[in-house]
Number of protein chains: 2
Amino acid sequence: MNGAQSLVATLVNCGVEVCFANPGTSELHFVAALDSVPGIRPVLCLFEGVATGAADGYGRVAGRPAATLLHLGPGLANGLANLHNARRAATPIVNIVGDHATYHLRYDSPLTTDIVSLARPVSSWLCTSKSAKTLAGDAARAVRAAREAPGGVATLIMPADAAWDSADQSAQPLPEIPMGQVSSASIDDAAARLGRVTKAALLLRGCALHGAGIEAAGRIQEKTGVRLLCDTFAARTELGAGTVFVERIPYFPEQIVEFLQGLQLIVLVGAQPPVSFFAYPGTASRWVPENCECYYLARAHQDGVAALEALAHTVHAPAHAKRRTPLQLPGLPSGALNAMSACQIMAELTPDNAIIADDAVTARFPLLKAFAQARPHTHLSLTGGAIGQGLPVAVGAAIAAPNRKIVCAHGDGAAAYTLQALWSMAREQLNVTTIIFANRTYAILNIELQRLQAGSLGPKALSMLDLGNPELRWVEIAQGFGVHAQRATTCAELIEQYSSAMKSEQPKLIEVVL
Amino acid sequence: MNGAQSLVATLVNCGVEVCFANPGTSELHFVAALDSVPGIRPVLCLFEGVATGAADGYGRVAGRPAATLLHLGPGLANGLANLHNARRAATPIVNIVGDHATYHLRYDSPLTTDIVSLARPVSSWLCTSKSAKTLAGDAARAVRAAREAPGGVATLIMPADAAWDSADQSAQPLPEIPMGQVSSASIDDAAARLGRVTKAALLLRGCALHGAGIEAAGRIQEKTGVRLLCDTFAARTELGAGTVFVERIPYFPEQIVEFLQGLQLIVLVGAQPPVSFFAYPGTASRWVPENCECYYLARAHQDGVAALEALAHTVHAPAHAKRRTPLQLPGLPSGALNAMSACQIMAELTPDNAIIADDAVTARFPLLKAFAQARPHTHLSLTGGAIGQGLPVAVGAAIAAPNRKIVCAHGDGAAAYTLQALWSMAREQLNVTTIIFANRTYAILNIELQRLQAGSLGPKALSMLDLGNPELRWVEIAQGFGVHAQRATTCAELIEQYSSAMKSEQPKLIEVVL
């Protein structure tokens with residue numbers, strides 16, 4: 001058994017079932033081990049940002065880590081933007097980066113670079129394995145670290161000689177690091193604070209937004225009237241008919257101000273106090289109302305679900321939350337095709353239990369509105385602001401949930417970053433329908449420009465926001481990657497194309513011309 | 001004048017004429033300044049790896065830096081792989097990375113990350129500007145640092161408030177940092193060593209491979225019989241008819257051994273002793289023959305050209321090197337279309353003074369062979385091993401040399417990393433002909449696998465090298481980005497298509513089906 005085989009076997013022992021890979025020479029022993037050690041499904045990606053984004057999508061949906069396989073510093077570099085998003089989503093990922101053989105590093109051959117410096121900003125855990133003998137144990141620690149609450153990117157650097165030298169055996173999974181528990185004094189404290197104010201909110205993040213967490217929050221709301229909030233870019237929310245409704249903090253500062261107005265208390269469950277995404281000249285960053293207290297009920301590493309359940313008990317909440325989102329489909333529009341009507345068509349026609357991978361940028365606002373009372377679905381946000389996440393996240397979500405329809409809603413500018421994901425969709429025959437909102441501009445920048453008071457713009461500046469010269473022809477691009485594609489220019493066309501896509505299980509792309 | 005205007009004006013003052021940009025919100029004041037401060041041509045790229053690779057191509061051809069404009073940590077991350085290549089090429093680049101406003105950073109909003117940690121591995125100079133008042137001075141220092149011998153990536157981090165706050169004025173260029181001079185004692189020493197051995201070589205890097213440098217080397221060769229060598233992946237070489245012939249160190253270890261066999265002395269001019277690209281089990285990394293001395297005549301920061309001229313003088317070399325590469329075109333093949341016949345067609349038909357952006361991976365070997373005695377041309381290598389460099393480098397080369405034909409020779413796997421460069425070619429109407437060698441596999445990995453003794457491979461492992469399922473249809477992809485494209489499956493088709501491309505000044509892509 002060589003080190004790579006001990007590593008792959010350890011990943012399998014620890015429940016890692018998928019590896020999103022873009023290997024190079026230094027990872028070929030790992031690649032060879034994929035056959036000699038059964039139990040891992042490798043998914044080839046044409047670009048590392050697809051691999052890391054797919055691992056993010058997989059981890060958010062599966063609730064357990066996939067592995068990546070990246071080629072040295074430059075391979076990691078290409079995957080960093082989506083690892084940044086994964087870090088913001090607190091997604092568990094075992095991020096495996098090959099490196100030169102340990103004895104080769106000193107010669108500074110062309111691919112040599114400081115992998116640790118590149119990996120540190122995105123990694124909650126980071127280790128360079130010393131030899132073949134340590135690789136299995138380090139892999140077990142990496143899996144444990146990725147799964148440690150709230151979840152994170154555990155980067156394991158695998159030198160080539162550690163992969164090819166002889167190893168002893170694989171390692172068994174380590175006991176999970178238990179989540180921090182919130183003390184009963186804190187529960188009582190939160191309950192007392194809720195009792196003293198009339199306008200309060202729970203700001204929920206991570207597991208608190210799903211399953212038992214959101215149910216407990218709903219019960220607290222039922223009893224106390226507290227508002228339930230989530231971050232603008234919550235990693236994963238369960239939305240639509242039958243779910244406990246959570247209000248999403250809006251994007252722009254003045255919207256946040258209005259949204260939070262009057263609140264006297266924000267109880268934070270795994271979350272941080274609301275701040276604006278960007279700063280603007282003469283504008284503050286933190287938007288908690290004056291005289292509003294932020295109370296940390298559970299930190300990110302703590303068991304926010306248990307804390308919510310304890311709080312529900314303490315405030316004598318009913319056993320079930322009754323207030324649920326009603327099913328209220330928007331109906332099929334017949335007017336002009338625009339972002340709103342496109343999203344209404346999608347909301348009307350998307351089946352139960354779909355997963356929406358949302359990198360729609362400006363089309364995100366109509367998307368969330370149209371889907372608010374649609375059939376129940378899972379919504380995955382662009383968590384870290386690094387656009388080019390939606391297509392890869394859709395790949396990973398589809399592999400984690402092969403029986404669910406994946407809808408990838410993407411801005412055209414954002415989709416250009418990681419469009420190689422389309423090839424993996426075709427290769428793996430994933431059940432993903434991709435909608436490109438083709439407005440031929442970086443629309444969000446046009447909006448931000450007005451806010452930034454950057455002055456009147458001339459032709460050079462305006463050309464920096466323009467994607468219309470030439471137009472990206474998404475149908476041709478998708479077909480080039482092997483994905484069936486169509487272009488919709490009217491509501492009727494989109495209705496027909498989207499209906500057909502919802503009935504198929506093949507990957508498909510629709511370019512919605514706005 | 002705001003900080004961004006002072007920055008742009010300073011760049012113009014310092015001779016920076018082009019900015020390869022993928023801006024976001026925090027860079028919009030810089031974008032606005034592109035109109036209020038004339039003198040910089042902005043080139044929009046759909047992906048940051050295109051912007052940084054284009055800056056590399058520009059710098060290698062123009063010999064002076066372009067600027068980039070990247071959006072925070074994730075934007076820099078996407079550009080790092082090609083900055084790694086640029087670092088290995090010692091290309092001057094002023095790498096401008098926007099960041100949040102200084103007062104916003106503490107709130108850790110979604111896009112916040114440790115930009116310094118990401119930038120350090122690729123940067124020869126790195127500075128976060130403190131305020132609008134310091135931005136101009138920092139920019140002047142960045143340009144000077146980028147140009148400091150041998151050239152490097154100078155990363156300037158521009159906080160958003162430094163861009164929008166009031167500034168005083170632009171800065172003037174700083175005096176260049178003089179190149180280190182090689183002492184006459186070292187020249188005499190090198191001459192003496194050359195006199196004591198019968199088998200010696202000059203290993204040349206950087207400026208030593210161009211103009212006066214290579215001419216002086218040729219004169220030394222004429223007098224002493226010394227071999228002239230360059231690195232396997234020399235950043236820029238002048239090849240073809242009329243040039244002083246330089247032998248390129250081969251790629252694989254046993255080839256290097258044979259190539260260097262018998263050498264008693266290697267005189268290093270800006271270069272390092274030869275090492276292999278990767279390590280292999282049981283194989284050494286450094287390949288200098290036993291008993292062969294490596295003598296550092298000029299370090300990378302020193303004036304290798306002057307050192308070569310002084311050495312030529314000391315050894316009483318003739319005034320001109322007579323040995324020149326003859327013009328010997330390969331002729332047009334008529335047999336099967338393969339990498340060799342495709343490269344022969346290219347070599348036969350490419351006009352004088354073309355620039356070859358080479359990311360051809362396994363097709364690189366026939367490419368170099370076919371072009372060895374072709375018309376004079378400039379060859380740009382993939383210096384750092386981070387594939388996905390050729391298309392962006394071609395963009396930058398075309399902007400630096402608008403009157404020259406650019407030929408981009410690309411492996412299909414490698415081209416998938418940064419294919420968004422095609423859009424910039426279409427947008428800027430660049431005179432680039434792209435050849436995709438479509439062998440539907442990561443061919444180099446098949447070769448490396450045999451060498452690595454990674455054992456027999458099963459279907460999962462083999463699928464990790466396979467690009468044939470589905471095939472990438474490069475004609476459709478290129479057309480999707482607005483570039484005219486054709487597919488060649490026979491020599492006759494390629495001859496017709498390539499001839500036509502050589503006569504046109506429009507961007508074109510030819511998918512050569514191997």
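**From domains to sheet: a walk through the model**

In this predicted model, chain A has a mean pLDDT of 97, and 100% of its residues reach 70 or more. For the model as a whole, the scores are ipTM 0.98 and pTM 0.98.

A convenient place to begin is the domain layout of chain A, which is divided into domain 1, covering residues 3-164, domain 2, covering 184-314, and domain 3, covering 339-513. Taken over C-alpha atoms, the centres of domain 2 and domain 3 of chain A are separated by 29 Å, and these domains meet through 15 residues of domain 2 that are in contact with 18 residues of domain 3. On the domain 2 side of this meeting, the largest share is contributed by strand E9 of chain A (residues 236-239), which supplies four residues. Sorted by class, that side of domain 2 of chain A consists of eight nonpolar, four polar and three charged residues.

From the contacts inside one chain we can turn to those between the chains. Here 81 residues of chain A are in contact with 81 residues of chain B. On the chain A side, helix H4 (residues 72-89) provides the largest share, with eight residues, and the class count for the side of chain A that touches chain B comes to 47 nonpolar, 24 polar and 10 charged residues.

The remaining part of the tour concerns a sheet in chain B. Strands of a sheet pair through backbone hydrogen bonds, and the pairing may be either parallel or antiparallel. In chain B, seven strands form an open sheet with mixed pairing, and their order across the sheet is E9-E14-E13-E15-E16-E18-E17. Its edges are strand E9 (236-239) and strand E17 (484-488) of chain B, each of which pairs on one side only. Between neighbouring strands of this sheet the average turn is 20°, with direction ignored.

Within this order, strand E15 (residues 406-411) and strand E16 (residues 432-438) of chain B can be followed in detail, for they pair in the parallel sense over six bridges. B:His410 gives the reader a point of orientation in the pairing, since this residue stands opposite B:Ile436 in E16 of chain B. Helix H20 of chain B (residues 491-503) packs on the sheet, where this helix touches E16, E17 and strand E18 (508-513) of chain B. The direction of helix H20 makes about 165° with that of E18 of chain B.

Notes
Residues numbered from 1 in each chain as written. Chains lettered and ligands numbered in written order. Predicted model: local features only at pLDDT ≥ 70, side-chain atom pairs only at ≥ 80, totals over all residues. Domains from an automatic or database assignment. Contact = placed C-beta atoms within 7 Å. Helix = DSSP H or I, 4+ residues; strand = E, 2+ residues; numbered from the N terminus. Nonpolar A, V, L, I, M, F, W, Y, C, P; charged D, E, K, R; others polar. pLDDT = per-residue confidence, 0-100. Pairing = 2+ DSSP bridges. Axes fitted to C-alpha atoms, helices over the stretch in contact; angles between N-to-C directions.
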